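Below is a short set of questions and answers on one model. The sequence and structure come first.

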Amino acid sequence: MSLTGITAYLRPQTLEEAYSCLGSGALAVAGGTDVLRHTHVGVHTLVDLRSLPLRYVRDEHGFAVGANATLTDLLEHPGLAAHLDGVVAGMLRAVGSPLLRNAATIGGHLARRRHSDIVPVLLALDAGVTLYEGSERTLPLAGFYAEATGRSRALITEVQIPPAGKDTAAAFLKFSRTVFDFALLNCAVLVRRNGDGRVDHCRIVVGETPALGASVPAAEDALRGTGFDDASIAAAAEAAVAAVAFGGDQRAAADYRQALCRVAVRRCLEEARRRLEERRR
Amino acid sequence: MNLDLVLNGARRSVEIDPGESLMDLLRRLGCKSVKNGCDDGYCGACAVLLDGRAVNACLVFAAAAAGRRVDTLEGLAREGVLHPLQRVMLDLGAVQCGFCTPGMVMTALDLLERNPRPTESEVRRALAGNYCRCTGYVKPVEAILAAAAEMREEPE
């Protein structure tokens, strides 16, 4: 829906300029797919960030993804599409439609802080994010969501996905009414096994609880150090169910989400284990 | 504010409202193939090509098209001769009420530009964001596959 009450549309060319444009009454816009779907009280200026030279996906010791890369750019990058058995690409194919993915950017998606299948996967992969607030700083994506509020003027400039070795696998699963609806609940995991088969690092992220995805330390503690057998997978799933505060909304009731969580964590871990075992053959 | 864009191959300079969507602008300029189905990014009836990629025109600011190429269904026919995809859609009965057809055609063009030899499953995935309110999906998929073959100049 065209927005009313907008009196200016700015196209800053540099980060400094963009940051200085984002005063009161100004709203940053990237792909526009989220901004145009809502009304914005008190906003009179739109600041289009797409003139900033941030549209790239680079294969460099992991991946560096500029904030203006569209979701399609990520999906069509051969290296990223193949990374960790295609966990990122598989997830992206279930985010919106091709029409939305051609417009929506990764920076805009992460900045809106709600309804995300992307955030759980990036958290599981221990992604980092670079912000600009007068100067640039890089921090873990988990820290970004923990520390900042929606009112921050910080601009996301880049997302980093670290490299992963052959001893590491990841998996993602979402439950939703149709493939590209917002998830009723989603889950992403990453597991690294050491030489004797024990889990020496893992991330278990549960999202749309209905809160934005977050790692569940109790579930990770339950899995770490185990031989990654069925019993330890079940224990991790139970630990997640016990630790997450589920809520109900128009999409699903809290107890339904709780039931989905147990299944989602188990299936994701089983899939990660299957991928690791396939690699050994 | 003023906007310069390339619409269906022609340079245009138009006056827009800074908060206006590309869909509202295109309809105002007479491109009525750009349908307002939901104005919310679900239905795909307003799909157009922006620099060659299919997007929901309702979820793109008109101002974001500055200096870019915008292609709508109106630009496909050449001197009254339909684009092969348009003709095959008609020939194979892939059009029921026709409301979703322009959006499906533009989305399919994006697909065929990148993947001239799509499988049925790839066509279906590409059309995931294009709703047909007559629920006629089989024939559009068949038509897009047939048009792809014709555009590759191969007998089906």
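Q: Why does the radius of gyration of chain B agree or disagree with that of a compact globule?
A: The model is a predicted one. Chain B has 156 residues, and a compact globule with that number of residues would have a radius of gyration near 15 Å. The two agree, because the value for chain B is 15 Å.

Q: What does the C-alpha trace of chain B span along its principal axes?
A: The extent is given along each of the principal axes, for the C-alpha trace of chain B. The spans are about 50 × 30 × 25 Å.

Q: How many of the 156 residues of chain B count as buried, in percent?
A: A residue counts as buried if 20 or more other C-beta atoms lie within 10 Å of its own. In chain B, the share that meets this cut-off is 49%.

Q: In which order do the elements of chain B run from the N terminus?
A: Chain B holds five helices and five strands. Starting at the N terminus, their order is β-β-α-β-β-β-α-α-α-α.

Q: Among contacts in chain B between residues at least 6 apart in sequence, what percentage join residues at least 24 apart?
A: Contacts between residues at least 6 apart in sequence form the base of this percentage. Those that join residues at least 24 apart make up 61%.

Q: Which element gives the most to the side of chain A that touches chain B?
A: On this side, 23 residues of chain A are in contact with 26 residues of chain B. Elements giving two or more residues are β1 (8-10), β3 (45-48) and α5 (98-101) of chain A. With three residues, the one that gives the most is α5(A).

Technical notes
Residues are numbered from 1 along each chain as its sequence is written. Chains are lettered from A and ligands numbered from 1 in the order in which they are written. This is a predicted model: local features need pLDDT of at least 70, side-chain atom pairs count only at pLDDT 80 or more; totals for chains, interfaces and linings use all residues. Two residues are in contact if their C-beta atoms, placed from the backbone, lie within 7 Å. Helices (H or I, at least four residues) and strands (E, at least two) are DSSP runs, numbered from the N terminus. The radius of gyration is taken over C-alpha atoms; the globule rule is 2.2 Å times the number of residues to the power 0.38. A residue is buried if 20 or more other C-beta atoms lie within 10 Å of its own, exposed if 12 or fewer, and partly exposed in between; C-beta atoms are placed from the backbone.
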